[in-house]
Amino acid sequence: GAQNATLSRPQGLAVDADGSVLFMDVECGNRLRRASASAVTSVLRAGPVGLSDGTTGAMGTAQVALPTAFGRVGNSVYFTDGDRVRQLQPGSISTVAGSGINGLQFADSGEAASYTYAEGLVSDGRYAYTQITYLRQLFRVALDRGASQALYTFPSGNQPATVKAMTRLSDQIYLAFDDGTVRSIRSDGTV
């Protein structure tokens with residue numbers, strides 16, 4: 001059963017439509033896994049690290065690099081994967097935004113955008129909100145076409161504060177910083 005499964009550094013969580021929990025098992029072959037009450041299974045086979053879109057399952061062609069955050073909208077799970085925002089649907093993984101080229105370029109289409117290590121993700125069904133920690137920026141990606149834009153720059157003070165957790169309630173995004181502060185930001189970027 002699920003209680004006997006071996007896990008190694010699981011991170012990023014989302015509850016799927018069927019009530020199972022999706023997460024990344026980093027040191028266990030960099031696998032995208034699903035846990036239910038009865039078992040822990042691999043959604044994506046262990047294999048080479050990469051950013052290829054494709055199918056999931058035992059013979060799947062999709063690859064992931066390092067998914068770190070997940071958010072569910074309907075039957076889709078959106079996640080950050082290195083320099084991309086990606087979508088997991090039953091049977092496939094595709095890229096919503098991010099060219100895979102390191103940098104920072106917000107764009108009107110997903111393929112033209114580039115990010116450097118996007119992490120943390122919440123969604124309101126229309127946008128995915130994620131952060132680029134080293135730039136201290138929150139940005140949003142339109143789920144229908146991948147268009148992205150900067151939404152908010154975190155305050156720095158003497159030391160740049162790092163976002164440790166983020167969640168969404170109604171049209172508010174709550175960010176918990178490592179300096180002990182919590183900020184509420186509306187989905188239009190106002191604090």
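**Exercise 1. Determine how the lining of the largest pocket divides by residue class.**

Step 1. In this predicted model, local features need pLDDT of at least 70 and side-chain atom pairs count only at pLDDT 80 or more, while totals for chains, interfaces and linings use all residues. Residues are numbered from 1 along each chain as its sequence is written, and side-chain values use heavy atoms, with hydrogens and water left out.

Step 2. A pocket is an open set of points on a 1 Å grid over the protein atoms alone, where a 1.4 Å probe fits, with protein on both sides within 12 Å along at least five of seven lines; lining residues have an atom within 4 Å of a point.

Step 3. The lining comprises 16 residues, and Thr68, Glu119, Gly120, Gln131 and Lys164 lie nearest the centre of the pocket.

Step 4. Seven of the lining residues are nonpolar, seven polar and two charged. Here Ala, Val, Leu, Ile, Met, Phe, Trp, Tyr, Cys and Pro count as nonpolar, Asp, Glu, Lys and Arg as charged, and the others, Gly among them, as polar.

**Exercise 2. State whether Asp81 is buried or exposed, and identify its side-chain polar contact with Arg86.**

Step 1. With a relative accessible area of 0%, Asp81 is buried (under 20%, against over 50% for exposed and in between for partly exposed; 1.4 Å probe, protein chains only).

Step 2. The side chains of Asp81 and Arg86 are joined by a polar contact of 2.8 Å (a pair of N or O atoms within 3.5 Å, one able to donate a hydrogen and the other to accept it; residues adjacent in sequence count only if both atoms are side-chain atoms).

**Exercise 3. Classify the exposure of Leu135.**

Solution. Leu135 has a relative accessible area of 28% and is therefore partly exposed.
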